[in-house]
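Trainee: Could we go through this structure together and check the reasoning behind the labels we give its parts?
Mentor: Gladly; let's bring it up and begin.

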Amino acid sequence: SEATAKAMLLRFHKTVRGRVNDTAVIVRRQATKILSAFVLNHPDHPDVIPVTLDLLRRSTDSEALRNLVMGTFELLWFMDDEPTPEAAKQLSRVVDASRSMAAAVGDILLELLRRFRKTIGSRKNSKGYEFAIRRWTTLILNEFVQLKCQEGKPAAQPPKKRKGMKQEPVPLESPEEQWLLRRSLLSTLEAFAAAQPKDLLVHLRPLTIYLALEDTSTPEEQWVAIKVCRILSSVLPYVAERRGLMDHRQVQADLQALIRSQPSSGVHEAVRCLCLVVKYVTGDLAQIVTHLNVAVPSLTKLCGISEQKGTLERIQIMYMSRQAWVLASILESLSVDDYVQLEGVKSSEQPKRRLLPRSELKFDLVSDSVAGTVADLLLRLNEIGEPQLRAVAASCMGFFLKGQRTFTKDRRISDLLSSALSSGDLLLCRKALETLSALLSYFRSEAERESKATATDFADSRDGRVAGQTGNGSGTAGASGRQHNSAIEAAQPLAAFSDQVLAHITLAGSVGPRMKKSRKRNERSEREEEENGSEGVLRVRVEALSVVRHLHQQGLVNPMVVLPKVFALAFTSDMRLSEPATSMLKEMLELRPNLLLNRLDEAFREAFLALLSGTVHLGEALSSQQLAGLGDVYAERFRKQKALRDGFLRKALQQLQRLPSGQFEDRFAELAALGVLDDDSEPSSSRKEKPFAQLPLRQRQQLLYSQFIASAISALPFIFENEPLLLIFECNHHISLHAGTLLASFEGESTPKDPPSPEQVFVDALSVVSCVVLKGVMKRDYNLSPEQCATFNPRDIRQERIGRSMAMFNRDKEEGQTGSVVRNRFPAAEWLEKLLPLVERFSQPAEIAAYIRELTDADPWDDSRTRHEHKIDALEGRRGRRVALPKASPRGRGRGQAKKQEKKKGRRRGYASEEDSDYEGPNRKRPRARREAAQNDAADEESEDMLPQDVD
């Protein structure tokens with residue numbers, strides 16, 4: 001019954017929460033469904049907030065799970081026009097958590113409001129979408145104010161337990177929990193301001209109270225003031241009625257105080273808010289001119305001093321940084337040149353009603369514009385060469401370009417960003433990447449806004465002008481700097497930095513001082529320096545991936561170039577980098593999975609180079625975390641369709657089977673730049689290190705690459721028997737072909753005229769040994785019998801799930817993995833033991849061939865004898881009949897189908913003997929051996945023809 005189901009959900013929800021992060025996709029999906037039912041049946045339970053956060057994290061797994069989670073949130077919070085305080089707190093925690101999660105989560109509130117708008121129109125007795133949004137914003141603001149009033153007071157005692165009722169214990173809220181809730185409420189109010197700015201107009205007056213800070217204000221109060229500035233900046237452009245909106249005099253005074261007292265981020269938000277108050281409410285340009293007349297002359301003077309003396313004091317650098325932030329923030333939000341009265345032009349002919357006389361600006365203009373003057377000052381700050389000033393110039397240039405789009409084509413600004421990206425300073429490189437990411441995100445949102453019918457400054461190109469230009473349509477920053485480009489045009493010059501950005505997410509992009517690894521580096525200071533450097537490189541790569549994502553979404557970069565780089569990032573061990581890379585990879589392959597199939601060799605090459613620069617060791621398989629991204633991509637984009645799945649497995653296995661020394665050197669030219677492998681890449685001390693140390697560098701790299709590919713293939717989440725069986729089928733083909741060729745070269749009595757080189761023999765033997773080990777792993781871990789391997793047909797469309805063996809269960813229990821989808825690990829230690837004779841006999845090809853003979857003779861043969869007999873007959877030119885492959889039929893046969901087959905009349909064809917006839921009458925069946933031979937022959941031909949075509 002329904003009551004029993006609710007009771008069971010309440011009893012077992014904590015157990016299910018432990019499975020929501022399981023390694024198996026099917027387990028995570030079922031746990032998500034159960035938790036979804038729990039929050040809908042118990043919306044007032046204290047565990048609803050942590051459960052909804054778990055659901056939010058799982059929404060990135062697939063599109064189906066995302067729809068399930070979004071539907072759950074909609075039913076939980078947006079089914080009534082009158083929200084409750086508890087619902088407001090729950091929604092606030094989820095919205096606040098989504099802002100710090102991966103980019104794949106997206107804007108949760110915006111999607112929920114879009115769903116709410118569609119469904120509210122069909123409800124009876126509904127008061128409308130705008131009314132419901134006003135109720136939500138009012139409730140969230142009231143909860144925020146009440147929490148502020150309760151600050152410092154003892155927490156309320158939990159309600160007394162009623163007799164006969166079983167209640168969950170409600171813990172008292174600590175000050176940290178209260179601050180977390182206040183922060184979530186204000187962040188959600190900011191999200192509402194971005195989604196529904198007009199509905200926040202009525203709340204501006206109470207919000208402006210939090211702008212007034214005292215000298216003894218706490219960091220939490222300063223954070224609240226900055227958030228209120230952001231809310232005001234989102235709402236003020238939609239002001240329709242100015243009277244009674246706010247106490248603008250007090251607001252301007254409070255913002256001026258914030259500009260003088262806050263750090264750089266607070267200065268930016270306060271100046272931006274002040275400019276919008278002046279632009280949309282007061283029109284008092286004197287508030288802005290004051291900062292211009294102070295910042296421009298002082299920066300000009302200090303830049304001149306630095307150019308003469310070459311050094312600056314620390315206090316001077318700090319002052320210059322603050323003034324640069326002020327100037328860039330002003331030009332971001334307000335085009336001052338549009339308000340300056342031009343000489344020789346009447347006031348009535350200028351577009352702005354309020355004009356600023358040129359005499360009010362107490363400094364000389366560069367290129368006759370304030371924008372040109374500020375741009376010149378930022379460039380001069382960068383030329384000083386001080387690391388702090390260069391980072392400030394890179395950040396401020398991003399703010400400046402948001403408001404002055406025409407300067408994106410300026411060659412000097414391009415050189416500034418290019419030099420920052422190629423710098424060895426981690427901080428400067430990261431600031432430049434953050435600037436590019438913010439600019440691309442801003443231009444994308446502006447392009448969407450301009451594409452609407454109500455957009456301004458966006459001319460039609462059919463009249464001969466370029467879209468987004470007015471006047472003469474020159475598209476360049478002229479003397480007045482008042483030409484306007486469209487957001488699409490402004491973003492196009494940023495595509496020139498794509499090569500430099502891509503370099504930072506691969507091996508070639510390791511910036512900063514490179515420290516040579518050594519076992520003697522045990523000092524504490526050196527370890528801390530190395531940790532800080534690795535953390536800085538990681539943050540640089542995260543920002544570079546964000547830039548690449550924006551470039552790809554706006555069509556400013558070739559996806560063929562981006563795909564291998566992003567594929568390499570999916571193998572990193574840090575989730576901050578692997579999760580967004582995996583999400584972006586799935587987005588790129590959603591409609592065109594052949595992009596990866598056609599460039600899988602290059603993608604694995606980039607991934608191997610990225611891992612080689614980190615920690616990769618012979619005899620040690622990659623961790624499950626490093627291989628989780630590849631498994632997610634395979635499960636979401638390739639496993640669902642048989643053609644894509646088989647093509648991916650075949651092409652991945654080809655990387656293990658085709659390792660010619662000449663091609664390996666050409667494909668991995670970057671390995672020559674590494675010089676030698678690190679000492680850590682050698683086997684552990686328990687193994688024989690001397691043979692591996694004497695092995696040539698190229699062969700050691702081939703060993704590492706083979707181990708990497710085998711580990712990646714073994715970690716794929718197989719759920720059907722056809723997947724490991726296909727790998728076994730292809731491994732058998734490779735062993736029979738290459739092992740036979742290798743043995744034939746050394747088993748003759750006469751010495752061949754052109755004997756293979758030791759390098760080539762080593763590579764062939766390495767691929768054979770790897771296939772033997774990989775085949776054994778597939779058979780052992782997936783409980784596959786020799787009969788299954790012998791009768792496997794790649795063209796069989798039947799999909800049977802894998803049966804779990806006891807060895808898989810015991811190993812998963814030891815490693816803490818559960819679920820029906822197993823991520824098994826490649827036995828690198830066993831593989832290395834079998835490779836040890838190859839390494840010891842590297843200079844003796846005949847001995848290697850003898851060892852391969854022993855290995856292949858001991859390996860069980862998983863194939864059909866009749867299939868090979870038929871293939872030999874075809875190769876020798878014997879005339880044989882062409883056997884048609886029987887169609888696969890389901891396990892059960894319906895009565896109608898059976899009767900229909902009995903009514904068929906037998907047909908007899910002309911053959912030399914009765915044994916060669918394929919006659920099938922009502923009471924005669926084809927011999928089983930011939931039917932298996934037909935299937936095996938067709939499968940043999942299919943394995944050579946089913947590779948996907950290279951079609952972009």
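Mentor: Keep in mind that this is a predicted model. Glu74 is a good starting place; it sits in helix H4 (residues 63-77).

Trainee: What makes Glu74 count as buried?

Mentor: Its relative accessibility is 10%. Buried means under 20%, so Glu74 counts as buried.

Trainee: Which residues is Glu74 in contact with, leaving aside its neighbours within four places in sequence?

Mentor: Met79, Leu112, Arg115, Phe116 and Thr119. Take Leu112: it is 38 residues from Glu74 along the chain, yet their C-alpha atoms are separated by 6.4 Å.

Trainee: And Ala710, is that one buried or exposed?

Mentor: Ala710 belongs to helix H31 (residues 697-714). Its relative accessible area is 1%, and the cut-off for buried is under 20%, so Ala710 is buried. Beyond four places in sequence, Ala710 is in contact with Leu656, Leu774 and Phe826. Measuring C-alpha to C-alpha in the model, Ala710 and Leu653 are 8.1 Å apart, with their positions 57 residues apart in sequence.

Trainee: How much of the whole protein is buried?

Mentor: Buried residues make up 49% of the 952 residues. The accessible surface comes to about 47,800 Å², and 49% of that belongs to carbon and sulfur atoms.

Trainee: What does the secondary structure come to?

Mentor: There are 40 helices and 0 strands. As for contacts with a separation of 6 or more, 77% are accounted for by residues 24 or more positions apart.

Trainee: Then let's turn to helix pairs. Why is H33 called roughly parallel to H37?

Mentor: Helix H33 (residues 758-781) and helix H37 (residues 845-858) pack at an angle of about 15°, and their axes are 10 Å apart. Angles under 35 degrees count as roughly parallel, so H33 is roughly parallel to H37. The crossing of the two is left-handed.

Trainee: Which residues make that contact?

Mentor: H33 brings Pro758, Val761, Ala765, Val768 and Val769, while H37 brings Pro845, Ile848, Ile852, Leu855 and Thr856. By class, the contact of H33 with H37 has 9 nonpolar residues, 1 polar and no charged ones.

Trainee: H33 also packs with H32. What makes H32 and H33 roughly antiparallel?

Mentor: The axes of helix H32 (residues 722-744) and H33 cross at roughly 150° and come within 9 Å. Over 145 degrees counts as roughly antiparallel, and therefore H32 and H33 are roughly antiparallel to each other. H32 passes H33 in a left-handed crossing.

Trainee: What does each helix bring to the contact of H32 with H33?

Mentor: From H32 the residues include Pro724, Leu727, Ile728 and Cys731, and from H33 they include Val761, Ala765, Lys775 and Lys779. The classes are 14 nonpolar, 4 polar and 2 charged residues. Val761 and Ala765 also appear in the contact of H33 with H37.

Trainee: Why is H13 called oblique to H14?

Mentor: Helix H13 (residues 286-309) and helix H14 (residues 314-333) pack at about 135°, with axes 9 Å apart. An angle over 145 would be roughly antiparallel, and 65 to 115 roughly perpendicular. The value of about 135° fits neither range, so H13 is oblique to H14. This crossing is left-handed. Among the residues that meet are Ile288, His291 and Leu292 in H13 and Gln316, Tyr319 and Met320 in H14. By class, the contact has 14 nonpolar, 4 polar and no charged residues.

Trainee: Now the loops. What is phi in Asp368?

Mentor: Phi of Asp368 is near 60°, a positive value in a residue other than glycine. Most residues other than glycine have a negative phi. Asp368 lies in the loop between H14 and helix H15 (370-384).

Trainee: How do you know that Asp368 counts as exposed?

Mentor: Exposed means over 50%, and Asp368 has 57% relative accessibility, so it counts as exposed.

Trainee: Why is Asn783 called partly exposed?

Mentor: Partly exposed covers the values between under 20% and over 50%. Asn783 has 49% relative accessibility, so it counts as partly exposed. Asn783 is in the loop between H33 and helix H34 (786-790), and it has a positive phi of about 55° although it is not a glycine.

Methods
Residues are numbered from 1 along each chain as its sequence is written. This is a predicted model: local features need pLDDT of at least 70, side-chain atom pairs count only at pLDDT 80 or more; totals for chains, interfaces and linings use all residues. Side-chain values use heavy atoms; hydrogens and water are left out. Axes are lines fitted to C-alpha atoms, for helices over the stretch in contact, and angles run from 0 to 180 degrees between N-to-C directions. Helices (H or I, at least four residues) and strands (E, at least two) are DSSP runs, numbered from the N terminus. A crossing is left-handed if the near helix is turned anticlockwise from the far one by less than a right angle, and right-handed if clockwise. Contact means heavy atoms within 4.5 Å. Ala, Val, Leu, Ile, Met, Phe, Trp, Tyr, Cys and Pro count as nonpolar, Asp, Glu, Lys and Arg as charged, and the others, Gly among them, as polar. Buried means under 20% relative accessible area, exposed over 50%, partly exposed in between (1.4 Å probe, protein chains only). Accessible areas come from the Shrake-Rupley method with a 1.4 Å probe; for residues, only the protein chains shown count as cover.
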